[in-house]
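Got your viewer open? Let's take a walk through this one together, one selection at a time.

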Amino acid sequence: MSQGAAYDSNSAKNIHLAWTGFQRRQVSMRDIVGFDCWFFPVPKGGRISKLLGYGGLFFKSLSELRRVSPDQVWVQLPQVPALWAALAYRALATKSVKIIADCHNAQLRKPWSHFPLALWSLRRADAILVHNEAMLAKAKTINWPMGKVLVLEDVPAMG
């Protein structure tokens, strides 16, 4: 796995996939929800570099998901192409797979809210999570499938 990835491939049946270097939200929920956290950083650079990087991360994510074969895949959004990888994995799987879109606030704002196939992809998730009531209200205004949208606030930091 790449930098920051933390998981036990022998027991991973629930995965949280994020195309970022690190996010506290996933790690703070890991033991509560029972998933392993995968962090795949998006390469820095211009549009062409990012486009190529997204393509590489899509295939890396899909390959790792197929190798580990989790029953649930939680995907941090944005980046919408990470959700595409999870949906592709489910389409190729020989078992039932649940997809949970963990939508950070940026997913509800442009450019991510209007990213190609974003709404189409969210409609195919089994559940869509937002972080607070304000984001729930925003999801309604941009026509998300509200029957799938739930509020899951961040776990308070322990100190």
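## Stop one: a serine inside a helix

Select S121 to begin: you'll find it in helix 4 (residues 118-124). Here, helices (H or I, at least four residues) and strands (E, at least two) are DSSP runs, numbered from the N terminus. What you have on screen is a predicted model, where local features need pLDDT of at least 70 and side-chain atom pairs count only at pLDDT 80 or more, while totals for chains, interfaces and linings use all residues. Residues are numbered from 1 along each chain as its sequence is written, and side-chain values use heavy atoms, with hydrogens and water left out.

Is S121 buried or exposed? It is buried, because its relative accessible area is 0%. The cut-offs are these: buried means under 20% relative accessible area, exposed means over 50%, and partly exposed is in between (1.4 Å probe, protein chains only).

Now show what surrounds S121. Leaving out residues up to four places away in sequence, S121 touches V80, L83, W84 and L87. A contact means heavy atoms within 4.5 Å.

## Zoom out

Switch to a cartoon view and count: the chain has five helices and six strands. Trace the chain along its sequence and you get the pattern β-α-β-α-β-α-β-α-β-α-β.

How much of the chain is buried? Buried residues make up 44% of its 159 residues. Turn on the surface, and the chain exposes about 8,200 Å², with carbon and sulfur atoms supplying 56% of it. That area comes from the Shrake-Rupley method with a 1.4 Å probe. As for contacts between residues at least 6 apart in sequence, 64% join residues at least 24 apart.

## Stop two: strands 1 and 2

Select strand 1 (residues 14-18) and strand 2: they run parallel, joined by four bridges. Two strands pair if DSSP finds at least two bridges between them. For a close look, pick H16, which stands opposite C37 in strand 2.

Stay on strand 2 (residues 36-39) and show its side chains: D36 and W38 point one way, C37 and F39 point the other way, and all are buried.

Add helix 1 (residues 24-34) to your selection. Together, strand 1, helix 1 and strand 2 make a right-handed β-α-β unit. Right-handed means that, with the strands pointing away from you, the path from the first strand over the helix to the second runs clockwise.

Next, click I15, in strand 1. I15 counts as buried because its relative accessibility is 0%. Which residues does it touch? Not counting residues up to four places away in sequence, the list for I15 includes F35, D36, W38, L65 and V68. Try the distance tool too: I15 and I99 are 84 residues apart in sequence and 9.8 Å apart in space, C-alpha to C-alpha.

## Stop three: strand 4

Jump to I100 in strand 4 (residues 98-103). At a relative accessible area of 9%, I100 is buried. Setting aside neighbours within four places in sequence, I100 is in contact with Q72, V73, W74, V75, A127 and L129. The C-alpha atoms of I100 and Q76 are separated by 8.7 Å, and the two residues are 24 apart along the chain.

## Stop four: rings

Show W84, W112 and F115 as sticks: they form one aromatic cluster. Across the whole structure, a search finds seven aromatic pairs. Rings of Phe, Tyr and Trp (its six-membered ring) pair if their centres lie within 6.5 Å; planes under 30 degrees apart count as stacked, over 60 as edge-to-face and the rest as tilted.

Then find F40 and look over its face, where K60 lies at 4.6 Å from the ring centre. A charge sits over a ring if NZ of Lys or CZ of Arg is within 6 Å of the ring centre and within 35 degrees of the ring normal.

## Last stop: backbone oddities

Most residues other than glycine have a negative phi, and most peptide bonds are trans. Here are some exceptions to click on.

- L77 and P78 are joined by a cis peptide bond, with omega about 0 degrees; P78 is in the loop between strand 3 (72-77) and helix 3 (80-92).
- K110 and P111 also have a cis peptide bond between them, with omega about 5 degrees; P111 lies in the loop between strand 4 and helix 4.
- S69 is not a glycine, yet has a positive phi of about 60 degrees. S69 lies in the loop between helix 2 (47-68) and strand 3, and is partly exposed at 24% relative accessible area.
- L117, not a glycine either, has a positive phi of about 65 degrees, and its place is in the loop between strand 4 and helix 4.
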